[in-house]
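Open the model in your viewer and keep a selection box handy. We will move from the whole chain to single residues, one stop at a time.

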Amino acid sequence: MRLTRIQKAERIQTLLDTYHPEVPVPLDHSDPFTLLVAVLLSAQTTDVRVNLVTPALFEQASTPADMARLSVDEILECIRTCGLAPSKAKNIRALSELLVAEYDEEVPQTFVDLERLPGVGHKTASVVMAHAFGQPAFPVDTHIHRLAARWGLSDGSTVERTEADLKKLFAAEDWNNLHLQIIYFGREHCPARGHNLEQCPICSWAATGKRILAEKTKNAPKRPRKAPKSQQRSPRHG
Ligand code: SF4
C-alpha cells in the first residue's frame, strides 16, 4: 500500500524517537553568542573540528565585546584548521562589532536581525533560534535536504522547499528536536557510499521503488569499457 507523505512522516518520527531519543546539540557552547559563533564555524567543517577549536577561541573571547577587541588575525589563528577560516574570522569579528554597536551585546532573537549579521544565513539563524532561544525552527542543511528527498517527504528541488515541506508535515513543537534527530540518524546510519536502501530502517519502505533502483544502479560496480576495435588484439596473436 502506498503511504501518503503524512503517514511516512509519522512513521519516520516514531523510528527517529526510537533510534535517537536523546539529541544534545553537538556544538559545545555556553550561551547564545558562543552557539552563534560555533554554528558559523561549522559550515563545511565537522562539529568535532569546531569543538576542538572553540575552547581556545572562547578562552580569549566569549562575549561580543571581547571578540570585537581581537584582531581578525588573532581569531584566524584559533580557527585556522576549520574550512573557510579566513572569511569566518572576518565575519566573527564583524558580527561581534555589530552586536556591540547595535544590539547591546545581545544576540538578537528574530530571524530578520540574525540574518543581518555578517556570515549568518537562514540555516545558521534557524539553529540559533531553535537551540539558543527555543523558538520553533527547522534548520535544513544539505544532509537533511538530501534525506527528506530520499524519504519522499519533499521533492528535493530547493532547500527552501524542503524546509517548507518538513514544517507542514511535522508539529511545530517537534521541529527543533527532529532537525537534530535527522542529523544524528544521518551520521550514524547513512554511509557516504555503498547504500543498499533495502536494508535501511527508513529508506527500505519510505523511498520510492524508482529511487531504490536508481541508487542500486549508481552503486553497482562499473563494467570495464570495451576497448575500441582498433585496440582489440586478435585472438590469433594470443
Ligand atoms: S538508505 Fe538509509 S542509510 Fe542510506 S540514505 Fe537512506 S536513510 Fe540513510
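What is the mean pLDDT of the protein, and what share of its residues reach 70 or more? The mean is 90, and 88% of the residues reach 70 or more; pLDDT is the predictor's confidence in each residue, from 0 to 100.

Two notes before you click. Residues are numbered from 1 along each chain as its sequence is written. This is a predicted model, in which local features need pLDDT of at least 70 and side-chain atom pairs count only at pLDDT 80 or more, while totals for chains, interfaces and linings use all residues.

**Stop 1: the whole chain**

Switch to cartoon view. The protein has 13 helices and zero strands, where helices (H or I, at least four residues) and strands (E, at least two) are DSSP runs, numbered from the N terminus. Of the 238 residues, 33% are buried. A residue is buried if 20 or more other C-beta atoms lie within 10 Å of its own, exposed if 12 or fewer, and partly exposed in between, with C-beta atoms placed from the backbone.

Contacts are a useful thing to have in mind as well: two residues are in contact if their C-beta atoms, placed from the backbone, lie within 7 Å. Among contacts between residues at least 6 apart in sequence, 57% join residues at least 24 apart.

Now select residues 232-238. Here pLDDT stays under 50, and the model has one contact beyond four places in sequence for this stretch.

**Stop 2: helix α2**

Select residues 32-41, which form helix α2. Is α2 mostly covered or mostly open? It is mostly covered, with nine of its ten residues buried. To see them, colour F33, T34, L35, L36, V37, A38, V39, L40 and L41. What do these buried residues pack against? Their partners are α3 (47-60), α4 (64-69), α5 (72-79), α6 and α8 (122-131).

Step off α2 into the loop that leads to α3, and pick Q44. Its phi is near 55 degrees, a positive value in a residue other than glycine. Q44 is exposed, with 10 other C-beta atoms within 10 Å.

**Stop 3: α2 against α6**

Add residues 85-102, helix α6, to the α2 selection. The two axes come within 10 Å and cross at roughly 160 degrees. Axes are lines fitted to C-alpha atoms, for helices over the stretch in contact, and angles run from 0 to 180 degrees between N-to-C directions. α2 and α6 are therefore roughly antiparallel to each other; angles under 35 degrees count as roughly parallel, over 145 as roughly antiparallel, 65 to 115 as roughly perpendicular and the rest as oblique.

Show side chains for the contact: V37, L40 and L41 in α2 meet K88, N91 and I92 in α6. These residues divide into four nonpolar, one polar and one charged. In this scheme Ala, Val, Leu, Ile, Met, Phe, Trp, Tyr, Cys and Pro count as nonpolar, Asp, Glu, Lys and Arg as charged, and the others, Gly among them, as polar.

**Stop 4: α5 against α6**

Keep α6 on screen and bring in α5. Their axes come within 9 Å and cross at roughly 130 degrees, and the two helices are therefore oblique to each other. From α5, V72, I75, L76 and I79 meet A85, P86, K88, A89, K90, I92 and R93 in α6. By class, this contact has eight nonpolar, no polar and three charged residues.

Between these two helices, select L84 in the loop. Phi of L84 is near 55 degrees, again a positive value in a residue other than glycine. With 15 C-beta neighbours inside 10 Å, L84 counts as partly exposed.

**Stop 5: α9 against α11**

Select residues 142-150 for α9 and 175-189 for α11. At what angle do their axes cross? They come within 10 Å and cross at roughly 85 degrees, so α9 and α11 are roughly perpendicular to each other. H143, I144 and L147 in α9 meet H179, I182, I183 and G186 in α11. That contact has four nonpolar, three polar and no charged residues.

For a last click, stay in α9 and pick T142. With 10 C-beta neighbours inside 10 Å, T142 counts as exposed. Draw a distance from its C-alpha to that of V159, 17 residues apart along the chain, and the separation is 7.7 Å.
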